[in-house]
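Here's a quick look around one model, starting from a single side chain and working outwards. Have the structure open as you read.

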Amino acid sequence: MALRISVVILTCDRAEMLGGCLRALGEQERPPDEIVVVDNGSNDEATALIATLADALPVRRIPGIPKDRWNGAAASRNLGVREATGDWIAFTDDDCLPTADWLRRIAAHAEADRADAIGGITEDSGTLRFPWWWHEELNWAPGLSVPGMKTKHPGSLHYAQTANMAVRRQVLL
């Protein structure tokens, strides 16, 4: 049976960024089996964008937690996990642009390794502006990987960011 990968993305009033993320998912070497967008009460064009792209991508919007009751990203991600149907759940953020090999690499590790979770490096595309006093060791705060976080074992990290990770579905439920 072929491995199925669902992608879960959270959004709220960031339709333009979400569009870039969804277009990047449409250019994957190994296409997603489904994309679940958890919309936490957007008042912008997110719903229309998802409807427009639904013909080209296996994307669907589910209502998330309204802004006035939102209690954190974890609760919204859990909604997405419960709605997702894949064997593996890949997480990214609406402001991320996954590289074309992202899901292919996740699938390769999921099929070859006995791991329950897979994570990768998350880098700034050059759009973030940091103050002069910023030190790279603080990169975890905006969701980026920290230099030196790689362990002594090639290809492994101390911890993964939810902007670039996948977890076996049965582990999450």
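## Thr92 and its neighbours

The Thr92 side chain comes within 2.9 Å of the backbone oxygen of Ala163, a polar contact (N or O atoms within 3.5 Å, one able to donate a hydrogen and the other to accept it; residues adjacent in sequence count only if both atoms are side-chain atoms). This is a predicted model, where local features need pLDDT of at least 70, side-chain atom pairs need pLDDT 80 or more, and totals for chains, interfaces and linings use all residues. Numbering runs from 1 along each chain as its sequence is written, and side-chain values use heavy atoms, leaving out hydrogens and water.

Thr92 sits in strand β4 (residues 88-93); strands are DSSP E runs of at least two residues, helices H or I runs of at least four, numbered from the N terminus. Thr92 counts as buried because its relative accessibility is 3%, and buried means under 20% (exposed is over 50%, partly exposed in between; 1.4 Å probe, protein chains only). Leaving aside residues up to four places away in sequence, Thr92 touches residues including Val7, Ile9, Trp102 and Thr162, with contact meaning heavy atoms within 4.5 Å.

## Two cores

The largest nonpolar core (buried Ala, Val, Leu, Ile, Met, Phe, Trp, Tyr and Cys joined through side-chain atoms within 4.5 Å) has 26 residues, with Leu22 and Ile35 making the most contacts inside it. Elements giving it two or more residues are β1 (5-11), α1 (15-26), β2 (34-39), α2 (46-53), β4 and α4 (102-112). Another core, of 11 residues, lies apart from it, with Val36, Ile62, Phe91 and Met165 among them.
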